[in-house]
Amino acid sequence: METRPPLPPFTRETAIQKVRLAEDGWNTRDAAKVAMAYTLDTQWRNRAEFAHSRAEAQAFLERKWNKELDYRLIKELWLHEGNRIAVRYAYEWHDDAGHWFRSYGNENWEFESDGMMRRRYACINDMPIKESERKFHWPLGRRPDDHPGLSELGL
């Protein structure tokens, strides 16, 4: 059986690791790669959209990243217990008309013993911003280790 470390039950350190690995994956904007972190029967709620399988989650991500251009994400651990992790996050993106947004959200995650995510529940709000108000300026891909996190940015 393949595992996806770190595995539950999570300590503070392993929960922070799991959050950073998720952030790194999502910042690739590679829906097929990201979907591999979820169980085959994963259950998602993202805003008002629901996914009931890994394939549906992958299709959702493909639609998302076709709409949310130049996507850059920062996640931060909120709390953890056993096989559950709660995060807060923000990401910046623009639409195809060049309008910029900063989206703020919270997610609740539940993991199987193999480290695959079984449940993901997300609440997200989009705030229009001017391009000059952007705070996430690293090249597309993984956030550099020396780039400030949400708390350091005052978000």
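Which strands each supply at least two residues of the lining of the largest cavity? They are strand 3, strand 4 and strand 6. This report describes the core, the strands and the empty spaces of the structure, which is a predicted model.

## The nonpolar cores

In soluble globular proteins, nonpolar side chains tend to be buried together. In this model, the largest nonpolar core has 28 residues. Within this core, the residues with the most contacts are Trp26, Trp44, Leu61, Ile85 and Trp109. Two or more core residues come from each of helix 1 (12–28), helix 2 (31–35), strand 1 (38–46), helix 3 (54–67), strand 3 (69–81), strand 4 (84–94), strand 5 (100–111) and strand 6 (117–129). Strand 4 gives the most to this core, with five residues. A second, separate core has six residues, among them Ile74, Phe136, Leu150 and Leu155.

Two tryptophans of the largest core may be followed in detail. Trp26 is found in helix 1. Its relative accessibility is 5%, and because buried means under 20%, Trp26 counts as buried. When residues up to four places away in sequence are not counted, Trp26 touches Val34, Tyr38, Trp44, Leu61, Lys64, Trp65, Tyr71, Leu73 and Arg120. Trp26 and Lys67 are 41 residues apart in sequence, and their C-alpha atoms are 15 Å apart in space.

Trp44 is in contact with Trp26, Tyr38, Glu49, Phe50, Ala51, Ala57, Phe60, Leu61 and Arg120, leaving aside its neighbours within four places in sequence. Trp26 and Trp44 thus appear in each other's contact lists.

A charged residue also belongs to this picture: Lys64. Lys64 is found in helix 3. With 7% relative accessibility, Lys64 counts as buried. Apart from neighbours within four places in sequence, Lys64 is in contact with Trp26, Tyr71 and Tyr91.

## Strand 4 and its partners

Why is strand 4 described as largely enclosed by the rest of the structure? The reason is that ten of its eleven residues are buried.

Strand 4 pairs with strand 3 and with strand 5. Strand 3 and strand 4 run antiparallel and are joined by ten bridges. One of these partnerships links Glu81 to Arg84 in strand 4. The two strands form a hairpin with two residues between them, and Gly82 in the turn has a positive phi of about 60 degrees.

Strand 4 and strand 5 are also antiparallel, with eleven bridges between them. Ile85 stands opposite Trp109 in strand 5, and both residues are among those with the most contacts inside the largest core. The hairpin of strand 4 and strand 5 has five residues between the strands, and Gly98 takes a positive phi near 90 degrees there.

## Cavities and the largest pocket

Rolling a probe the size of a water molecule over the atoms shows where empty space is left. The structure holds two cavities of 30 Å³ or more. The table sets out these cavities and the largest pocket.

| Space | Volume | Lining by class |
|---|---|---|
| Largest cavity | about 40 Å³ | six nonpolar, one polar and four charged residues |
| Second largest cavity | about 30 Å³ | four nonpolar, one polar and one charged residues |
| Largest pocket | about 300 Å³ | ten nonpolar, two polar and four charged residues |

The largest cavity is lined by Trp26, Asn46, Lys64, Tyr71, Leu73, Lys75, Tyr89, Tyr91, Glu107, Arg120 and Ile124. Strand 3 gives the most to this lining, with three residues. Both Trp26 and Lys64, described above, are in the lining.

The second largest cavity is lined by Trp44, Asn46, Glu49, Phe50, Ala51 and Phe60. Strand 1 and strand 2 (49–51) are the elements that give two or more residues to this lining, and strand 2 gives the most, with three residues. Asn46 is found in the linings of both cavities.

The largest pocket is lined by 16 residues, and those closest to its centre are Arg4, Leu21, Ala22, Gly25 and Ala37. Helix 1, helix 2 and strand 5 each give two or more residues to the lining of this pocket. Helix 1 supplies the largest share, six residues.

Definitions and conventions. Residues numbered from 1 in each chain as written. Predicted model: local features only at pLDDT ≥ 70, side-chain atom pairs only at ≥ 80, totals over all residues. Heavy atoms only, no water. Core = buried A, V, L, I, M, F, W, Y, C linked by side-chain atoms within 4.5 Å. Buried < 20%, exposed > 50% of the residue type's maximum accessible area, 1.4 Å probe, protein only. Helix = DSSP H or I, 4+ residues; strand = E, 2+ residues; numbered from the N terminus. Contact = heavy atoms within 4.5 Å. 1 Å grid on protein atoms, 1.4 Å probe; cavity = no way out; pocket = protein on both sides within 12 Å on 5 of 7 lines; lining within 4 Å. Points joined across faces, edges and corners; volume = space filled by probe spheres on them. Nonpolar A, V, L, I, M, F, W, Y, C, P; charged D, E, K, R; others polar. Pairing = 2+ DSSP bridges.
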